[in-house]
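Dear colleague,

I am passing on to you the structure shown below, and after it I set out what was found there. Please have the sequence and the model open side by side as you read.

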Amino acid sequence: MKMSINRRQISRRSILAGAAALGLTGTLAACGGSDDDSGGSDSGPVKLTYWSWAPNMEKVAAIWNKKNPDITVTVSKQASGGEIVSKLITAKKAGNAPDLIQVEYQSLPTLVSNDVLADITKYAGDTKSQFAEGLWGMVTLGTDALYAIPQDAGPLMFYYREDLFKKHGLSVPKTWTEFAETARAARKAVPDAYLTTFSSNDPGLFAGLAQQAGGKWWTVGSGGKWTVGIDDAATKQVAEFWGGLVQEGVIDNQPMYTPAWNNALNKGTHLAWVSAVWAPGVLVSSAPDTKGKWRMAPLPQWKSGENVTGSWGGSSTGVSTDSKHAEAAAKFATWLNTDPEALAALVKEVAIYPAATKGQSGDVLTTPEFFSNQADFYTTAGQIAATTAAAAWGPNVNTAYTTFQDAFGKATKAKKEAQFDSALATVQAKTFADMKKQGFEVTEA
């Protein structure tokens with residue numbers, strides 16, 4: 001995502017539009033919070049509140065509190081996704097947003113445009129070298145500002161049943177062309193099975209695949225004008241590729257996370273799954289009878305010799321513009337996401353895959369039980385994570401995602417490649433119209 005913007009240009013123009021989109025009323029001029037340096041010099045004991053949905057985050061904060069009695073962090077458990085975004089903007093309106101915030105990468109532009117997140121460059125900008133370039137781009141939004149510190153990552157990978165691939169003589173695809181060939185070969189070898197499925201119920205996977213292909217769904221220029229390009233050439237390529245395989249009948253069309261999907265994974269009628277680094281935890285409950293039968297490989301590439309992946313999920317730690325102790329908050333956020341002891345605790349207690357490069361290897365990351373046949377699982381995962389492309393998120397991701405589920409849900413059931421293409425155009429049109437309605441200065445790619 002390549003942008004050149006000034007945070008004031010975005011926040012001042014977009015703050016009322018963003019609030020209106022979330023059903024808020026009244027003026028936000030009295031929000032409190034600012035671009036001043038109220039947190040520049042903390043003296044005496046400081047108490048910080050951290051909104052997070054991650055399990056056991058309070059145990060990680062306890063390690064910090066024991067070592068830093070002058071800066072105490074209290075974790076307040078929250079819901080994730082759109083709910084925490086709405087709640088944060090409401091809190092910002094009242095001038096009492098928490099000091100620290102766990103933020104999904106795709107939610108960052110929404111919170112920045114609503115003036116919820118502070119620029120913490122001067123406090124934490126020197127952490128850049130500890131993260132992959134693509135991840136860093138997600139928290140800077142392509143600017144010179146820093147709106148959060150990466151916490152966990154979700155690089156995409158290719159998971160496959162090693163035993164069934166060997167049994168049926170299937171090749172692990174290195175390109176998407178080879179992926180299609182493997183899908184056809186699998187269907188021919190096992191007529192009652194599919195290589196995998198195209199699911200319309202979680203737009204995050206499709207977004208990650210578009211990200212890998214070079215899709216730039218939202219971009220913004222130096223004047224604060226947004227461009228929506230969800231139906232760009234790269235994303236069209238992804239939609240038509242999967243739509244073609246569904247129409248051909250060599251890829252299933254059922255949604256993920258259903259009893260039927262679990263059964264397909266468990267019985268081996270789905271031989272593979274394009275997923276993220278966190279997939280092993282899902283397989284434990286979804287396919288309990290397949291332990292030790294899976295293996296992971298890099299995501300297939302669009303061009304032979306390329307080495308890039310997309311991401312599915314992941315979050316960051318930001319500091320709110322309402323915080324009176326921005327420097328102290330940024331100090332904790334930096335420790336949480338870069339300190340070796342903190343990273344180890346995040347893995348052990350919170351069960352995340354750290355965004356920091358140095359947290360992606362070491363004894364704390366033990367081989368997942370479902371991948372006992374792949375001792376180098378996390379070594380390979382770290383190499384893949386380093387190739388993550390930066391995503392291009394915008395201020396109304398929820399609108400795009402909701403439209404995706406509806407439009408692609410219909411296309412998937414119809415099993416028509418052309419309808420996949422028109423579904424993408426629908427997502428583009430409704431996302432653009434929504435931004436225009438909110439009052440954003442926006443154009444289409």
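In this model, which is predicted, strand S9 gives the largest share of the lining of the largest pocket, namely 5 residues. S9 covers residues 311–319, and the other elements that each supply at least two residues of this lining are strand S3 (100–104), strand S4 (149–161), helix H9 (203–213), helix H12 (279–286) and helix H14 (340–350). The space in the largest pocket comes to about 1000 Å³, and 41 residues line it, with Asp152, Trp278, Ala351, Ile352 and Tyr353 lying nearest its centre. When the residues of this lining are sorted by class, 24 are nonpolar, 13 are polar and 4 are charged.

Helix H9, which contributes to the lining of that pocket, also packs against helix H16 (residues 397–414), and here the two axes are 10 Å apart and meet at an angle of about 100°. Because angles of 65 to 115 degrees count as roughly perpendicular, H9 and H16 are described as roughly perpendicular to each other. On the side of H9 the contact is made by Pro203, Gly204, Phe206 and Ala207, while on the side of H16 it is made by Tyr401, Phe404, Gln405 and Phe408. This contact of H9 with H16 has 6 nonpolar and 2 polar residues, and no charged ones.

Turning to enclosed spaces, the count is 5 cavities of 30 Å³ or more. The largest cavity has a volume of about 110 Å³, and its lining consists of Thr196, Thr197, Phe198, Ser199, Asp202, Leu205, Phe206, Leu209, Trp242, Met256, Trp273 and Val274. Two elements, H9 and strand S7 (272–276), give two or more residues to this lining, and H9 provides the largest share of it, 3 residues. By class, the lining of the largest cavity has 8 nonpolar residues, 3 polar residues and 1 charged residue. Phe206 is thus found both in the lining of this cavity and in the contact of H9 with H16.

The second largest cavity has a volume of about 70 Å³, and the residues that line it are Ala207, Ala210, Gln211, Gly215, Lys216, Trp217, Ala391, Ala392 and Trp393. Of these lining residues, 6 are nonpolar, 2 are polar and 1 is charged. Ala207, named here as a lining residue, also takes part in the contact of H9 with H16.

Two single residues may also help you find your way around the model. Val228 lies in strand S6 (residues 226–228), and, since buried means under 20% relative accessible area, Val228 with its value of 0% is buried. Setting aside residues up to four places away in sequence, Val228 touches Trp217, Trp218, Gln428, Thr431, Phe432, Met435, Val442, Thr443, Glu444 and Ala445. One of these, Trp217, is also in the lining of the second largest cavity, as is Ala392, whose C-alpha atom is separated by 10.0 Å from that of Val228, although the two residues are 164 residues apart along the chain.

Thr127 is the other residue, and its place is in the loop between helix H5 (121–124) and helix H6 (133–140). Is Thr127 buried or exposed? Its relative accessible area is 2%, and Thr127 is therefore buried. Apart from its neighbours within four places in sequence, Thr127 is in contact with Trp136, Thr334 and Thr338.

With kind regards

Terms used: Residues are numbered from 1 along each chain as its sequence is written. This is a predicted model: local features need pLDDT of at least 70, side-chain atom pairs count only at pLDDT 80 or more; totals for chains, interfaces and linings use all residues. Side-chain values use heavy atoms; hydrogens and water are left out. On a 1 Å grid over the protein atoms alone, a cavity is a set of points where a 1.4 Å probe fits but cannot get out, and a pocket is an open set with protein on both sides within 12 Å along at least five of seven lines; lining residues have an atom within 4 Å of a point. Grid points are joined across faces, edges and corners, and a volume is the space filled by probe spheres set on the points. Helices (H or I, at least four residues) and strands (E, at least two) are DSSP runs, numbered from the N terminus. Ala, Val, Leu, Ile, Met, Phe, Trp, Tyr, Cys and Pro count as nonpolar, Asp, Glu, Lys and Arg as charged, and the others, Gly among them, as polar. Axes are lines fitted to C-alpha atoms, for helices over the stretch in contact, and angles run from 0 to 180 degrees between N-to-C directions. Angles under 35 degrees count as roughly parallel, over 145 as roughly antiparallel, 65 to 115 as roughly perpendicular and the rest as oblique. Contact means heavy atoms within 4.5 Å. Buried means under 20% relative accessible area, exposed over 50%, partly exposed in between (1.4 Å probe, protein chains only).
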